Amino acid sequence: MHNQDFPQLASVESIKEGFESFGYICSDKIATAVFLAFQLRKPILVEGPPGVGKTELAKTTSQLLETPLIRLQCYEGLDEAKALYEWKYGKQLLYTQVLKEKLGDLLQGTHDLAESVERLHQFGDIFYSEEFLEPRPLLKAMQQERGAILLIDEVDKSDYEFESLLLEILSDYQISIPEIGTVKARTTPMVFLTSNNTRDLSDALKRRCLHLYIPFPTVELEERIIRSRVPDVDEKLRHQLVEFVHSLRQMDLKKIPAISETIDWARSLLLLHADKLDEELVRSTLNVLLKFEDDIDATDSELRQLIRDTTRD
Amino acid sequence: MPDSLVSFIQVLRTHDVRISPAETLDAMHVATTLGYSDRTLLRDGLGMTLAKTPEEEAIFLQCFDRFFDRQLADFSEEQQPDEQSAVEDNETDTASTPDQDSSESDTTSESSPLEEAAQSDPSLEELMQSELMQALMNNDRNALSLAMTKAGEAAGLQQIQMFTQKGQFTRKILDAMGEEQIRKSVIELERADSPALSELQRYRDILREQVRDHVESQYLLHAQGKTQQFMEDVLSKTRLSNIEHTYLHRVHDLVRKMAKKLAARHSHKRREYRRGQLNMPRTMRAGITNDGLMFDVHWRRTRKEKPQILAVCDVSGSVAAYAKFLLLFLYSLQDVLPRVRSFAFSSNLGEVSELFEQYPVEKAIELVNWKYGGATDYGTALTDFANLALDDINSNTTVIILGDARNNKGDPKLEIMQSIYQRSRQVIWLNPESRRAWATGDSEMQRYQSACHFAAECNNLKQLERIIDQLLKSTR
């Protein structure tokens, strides 16, 4: 990535503009993070509540730079065979079978054991070679000729051991394969790690990353996001619905509605041809915003007041 | 600039943000990449490398503002109310009409009474020419803040530790900056009842206020962290029963911090091999080197079942304070020790785990104390415990008992302790009394000790932390 020239990444401003052209409205801070990640060749660790656009950031960066996005979804029990590489056992087995058949030809004319071994040594061994290597996302990202965006999603869901596995990749952009040696990245990929903070990540991992915390956006920013994602929504309704979601976020809920929910809600309101919020409408579409029955019940009594507050002006 | 970045990082460290040398280097790179011209940009960039959690980020932002805000508040704005009051003063004081000119002269560039007075007074003239007065009169905040910082460094302001030192440092800095001259002139002008007096007084007040602000912000920057560290250090070594009520919230924070440290250290989950499920890919892979013969078998690994902890706490008057912290500790460690069941007793014993599920830890502890506090009877308590939980104790169970083992001469029911001892993985007894007191009076500690794997004296946070650290090590 870094030996190439990306005018899109020349400054914080140009990154912001670039993102906007792909419908990703971001704060200065996010753009600064991307700028620094590119300049300093450091991974970004993106934290924040679910649904604020952590994964989207990586996707948009990949669109902006027109580089492939390689995604690794983390989960408990994820190990190197699924994340780094795996040997193609089947083919390796076949190879040994073929080798056995060819062994006679190969060793023809040798007289004693020492000579046969000598001959065998001269014979190039491809048993453990890249040909039998099945690359998994992390290795794949290293092998991309033109660089890649590597997204390691929800790294907090993975095991502690897996984190240590990532350290070599994150700091040196290389992977050690015991049988072959070290595979260095052809072009340094840009790495995004996302975390929902279900557990504390190790200091070693955090130290290698730029730390970006994306909070819920301000009313103004969220309105711009809605404008770019759901452009057909009437301006007044847009303001009202964003205000409404913001007041919902102040409440004590199990799952606070995020940006993605606001977008979904804006879309559903559009489909219903609504031009302003009223109680009936909100009540019938609230399940788009709130994903738990408890939350819907909890807001029910205050719904009227909330709507009155948001539609006042 | 790199120097000030390094001392900024030093400040962050005293505020409990952990920053490694590698991160310092990163911060330097960030600063050179982003440049120093855009303050917000620099702040965002540095924040990303130096602060690793939202809490640290909050600290970072606070420190950044204090540290890099050498730009002083614009005191030309502050003059407005000053002038107002000057005008009001004049209205009551009819004698000094020329003063009104002085307040106007700031906006118009006519010569002020101060300058007029200076023409007839050589010492005042000299003062007017000094850098300090020039900076004040021209509203040159940069020069003023530079002089202040320099004077502050010379006075060793960064070493400030106690708030009582603030006045002393303010004086030192003022002296170093040459405030004495202004003071003298003010006295002289006062004696002469000169019209220039109020103007000079105003400059003096501005200067004093600026220096005071500077010292204040430096105190917050440098001393606050140190004082806090000092406090925490002392608190962790004080007997828990002696900690005054006002410091309790700090202790809670401290316990949480310690718990977090322990949790991080022990969150590494160990796996063990359990025969039963074959791991086919690994076995095949291992078999390839043997010509496809799979005699080197590999098994799927499964997670070890998490151990169970039973905490039995004496909450009678003498031990309640300690029980509180043990429970606070255990429940703060829930991420690492997910199965803690707790029991409380004085004479009767009951399970209180539910309270901890329903309420926040502090509230739950209060309720426990209220419900179970009273006179101690270990015999009854142990019988109750056996009825409630003895069947659940197995080789995965650790039983922690916190109590002073003072049984008021009652029946100790040692046989129950012995059956707990035999069934469990380990029994730990924590006694807040010092070891010397264990065999005295009505203490049954020596007898109970015979049915414990481990008995320890535990009366401050340091000891508690050490014991729980050991507990975590041994239960995993």
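# Close-up views of a predicted two-chain model

**View 1. Strands S1 and S9 of chain A lie side by side in a parallel pairing.** In this predicted model, strand S1 of chain A, which covers residues 44-47, is joined to S9(A) by four bridges, and the two strands run in the parallel sense. One residue pair can be picked out by name, since A:Leu45 has A:His211 as its bridge partner in S9(A). The two strands belong to an open sheet of five strands in chain A, whose order is S2-S5-S8-S1-S9 and whose pairing is parallel. At the edges of this sheet stand strand S2 (69-73) and S9 of chain A, each of which pairs on one side only. If direction is ignored, neighbouring strands of the sheet are turned by 20° against each other on average. The view also takes in H2(A), a helix that lies across S1, strand S8 (190-195) and S9 of chain A and runs at about 165° to S9(A).

**View 2. Chain A and chain B meet along a shared contact region.** On one side of this region there are 22 residues of chain A, and they are in contact with 26 residues of chain B. On the side of chain A, the elements that give two or more residues are helix H2 (28-40), helix H5 (89-106), helix H9 (203-207) and strand S9 (210-213). Which of these elements gives the largest share of the side of chain A that touches chain B? The largest share comes from H2(A), with seven residues. By residue type, the side of chain A that touches chain B divides into 12 nonpolar, five polar and five charged residues.

**View 3. Strands S6 and S7 of chain A form a hairpin, and A:Tyr173 is found in the loop before S6(A)**. Three residues lie between S6(A) and S7(A) in this hairpin. The two strands run antiparallel and are joined by four bridges, with S7(A) covering residues 181-184. Within this pairing, A:Ile177 has A:Gly181 as its bridge partner in S7(A). A:Tyr173 is found in the loop that connects helix H8 (160-172) with strand S6 (174-177) of chain A. Although A:Tyr173 is not a glycine, its phi is positive, at about 50°. Most residues other than glycine have a negative phi. Is A:Tyr173 buried or exposed? A:Tyr173 counts as buried, because it has 20 C-beta neighbours inside 10 Å.

**View 4. Helices H11 and H15 of chain A pack against each other at an oblique angle**. Helix H11 of chain A covers residues 235-249 and helix H15 of chain A covers residues 303-310; they pack at an angle of about 135°, and their axes are 9 Å apart. The two helices are therefore oblique to each other, and their crossing is right-handed. On H11(A) the contact is made by A:Gln240, A:Glu243, A:Phe244 and A:Ser247, while on H15(A) it is made by A:Leu306, A:Ile307, A:Asp309 and A:Thr310. Three of the residues in this contact are nonpolar, three are polar and two are charged.

**View 5. Six strands of chain B form an open sheet with mixed pairing**. The order of the strands is S5-S4-S3-S6-S7-S8. Strand S5 (349-351) and strand S8 (454-457) of chain B stand at the edges with a single partner strand each, so one side of each is left without a neighbour in the sheet. From one strand to the next, the twist averages 20°. Strand S7 of chain B, residues 426-431, runs parallel to S8(B) and is joined to it by four bridges, and B:Leu430 stands opposite B:Ala456 in S8(B). Helix H16 (residues 320-332) of chain B packs on the sheet, where it touches strand S3 (308-314), strand S4 (340-345), strand S6 (397-402) and S7 of chain B, and its direction makes about 160° with that of S3(B). Helix H19 (residues 378-389) of chain B also packs on the sheet, touching S3, S4 and S5 of chain B, and its direction makes about 30° with that of S5(B).

**View 6. B:Ala405 is found in a loop that follows strand S6 of chain B**. This loop runs between S6 and helix H20 (414-423) of chain B. The phi of B:Ala405 is near 60°, which is a positive value in a residue other than glycine. B:Ala405 counts as buried, because it has 23 C-beta neighbours inside 10 Å. For the chain as a whole, 33% of the 476 residues of chain B count as buried.

How values were computed
Residues numbered from 1 in each chain as written. Chains lettered and ligands numbered in written order. Predicted model: local features only at pLDDT ≥ 70, side-chain atom pairs only at ≥ 80, totals over all residues. Axes fitted to C-alpha atoms, helices over the stretch in contact; angles between N-to-C directions. Parallel < 35°, antiparallel > 145°, perpendicular 65-115°, else oblique. Left-handed = near helix turned anticlockwise from the far one by under 90°. Contact = placed C-beta atoms within 7 Å. Nonpolar A, V, L, I, M, F, W, Y, C, P; charged D, E, K, R; others polar. Pairing = 2+ DSSP bridges. Buried ≥ 20, exposed ≤ 12 C-beta atoms within 10 Å, placed from the backbone.
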